[in-house]
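Subject: Structure handover and notes

Hello,

Please find the structure below, as agreed. My notes come after it.

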Amino acid sequence: CPLVQDVAVTSRPDETLDAAVIAHVIPAAGYEEKSFRAWCREHLGRRGVPDEIREHASFPRTGSGRVIVRDL
């Protein structure tokens with residue numbers, strides 16, 4: 001998506017959905033959550049829209065560059 005520099009996806013338990021999808025995003029210039037959700041809906045389908053979106057300035061990473069998910 002051109003609205004984000006980087007994204008990591010995680011989940012959390014949810015009683016209604018079984019698991020809620022969380023998109024952790026590092027916004028690009030012009031980012032708006034509403035526009036990001038619309039982009040997801042258009043390119044990934046209705047089920048591809050995350051249940052929750054969290055913005056970050058950067059992601060914690062390992063020495064090899066992998067995102068440390070437990071630290072998000």
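What follows is an account of the fold, the strand pairing, the core, the surface and the salt bridges.

Please keep in mind that this is a predicted model.

Overall fold

The protein chain contains three strands and one helix, and their order along the sequence is β-β-α-β. Along the principal axes, the C-alpha atoms occupy a box of roughly 35 × 35 × 15 Å. The chain has 72 residues, of which 28% count as buried. Its accessible surface is about 5100 Å², and carbon and sulfur atoms account for 47% of that. If contacts are restricted to residues at least 6 apart in sequence, 47% of them join residues at least 24 apart.

The hairpin

Strands β1 and β2 make a hairpin, with three residues between the two. They run antiparallel and are joined by 10 bridges, β2 covering residues 18-27. One facing pair is V7 and V25, the latter in β2.

The loop between β1 and β2 holds E15. This residue is classed as exposed because its relative accessible area is 85%, where the cut-off is over 50%. E15 is 13 residues from P2 along the chain, and their C-alpha atoms are 33 Å apart.

The core

The largest nonpolar core has nine residues: L3, V4, A23, V25, Y31, F36, C40, V49 and I53. Two elements, β2 and α1, each give two or more residues to it. V25 therefore has two roles here: it belongs to this core and it stands opposite V7.

L3 is a core member with contacts beyond its sequence neighbours. With those within four places set aside, L3 touches P27, A28, G30, Y31, S35 and F36. Y31 and F36 are also on the list of core residues.

A nonpolar surface patch

On the surface, V7, V9 and V21 form a nonpolar patch, and together they have about 230 Å² of accessible area. V7 sits in strand β1. At 39% relative accessibility V7 is partly exposed, since that class lies between 20% and 50%.

Salt bridges

Side chains of opposite charge can pair when their charged atoms come close. In this model the count is five salt bridges.

One of them joins the side chains of D6 and R61, with 2.4 Å from N to O. This pair ties together distant parts of the chain, 55 residues apart: D6 is in strand β1 (residues 4-14), and R61 is in the segment after β3 (52-55). Are the two partners buried or exposed? Neither label applies, because D6 has 27% relative accessibility and R61 has 37%, which makes each of them partly exposed.

D6 has further contacts. Apart from neighbours within four places in sequence, D6 is in contact with H24, V25, I26, F59 and R61. The C-alpha atoms of D6 and I22 are 14 Å apart, with their positions 16 residues apart in sequence.

A second salt bridge is formed by the side chains of R12 and E52, at 3.1 Å from N to O. This pair also links distant parts of the chain, with R12 in strand β1 and E52 in strand β3, 40 residues apart. R12 counts as partly exposed because its relative accessibility is 31%.

Another salt bridge connects E33 and R37, whose closest N and O atoms are 3.1 Å apart. Both residues belong to helix α1 (residues 33-44), and the four residues separating them amount to about one turn of the helix. E33 is partly exposed because its relative accessible area is 34%.

Some of the salt bridges share partners, and in this way R12, D14, E52 and R54 are joined into one network.

In brief

Strand β1 comes up in several of these notes. This strand pairs with β2 in an antiparallel arrangement, carries V7 of the nonpolar patch, and holds D6 and R12. D6 has its salt-bridge partner in R61, and R12 has one in E52.

Regards

Terms used. Residues are numbered from 1 along each chain as its sequence is written. This is a predicted model: local features need pLDDT of at least 70, side-chain atom pairs count only at pLDDT 80 or more; totals for chains, interfaces and linings use all residues. Side-chain values use heavy atoms; hydrogens and water are left out. A salt bridge is a side-chain nitrogen of Lys or Arg within 4 Å of a carboxyl oxygen of Asp or Glu. Buried means under 20% relative accessible area, exposed over 50%, partly exposed in between (1.4 Å probe, protein chains only). Patches are made of residues with over 30% relative accessible area and no salt bridge: like charges are joined within 9 Å, nonpolar side chains (Val, Leu, Ile, Met, Phe, Trp, Tyr) within 5 Å. Accessible areas come from the Shrake-Rupley method with a 1.4 Å probe; for residues, only the protein chains shown count as cover. Two strands pair if DSSP finds at least two bridges between them. A nonpolar core is a set of buried Ala, Val, Leu, Ile, Met, Phe, Trp, Tyr and Cys residues joined through side-chain atoms within 4.5 Å. Contact means heavy atoms within 4.5 Å.
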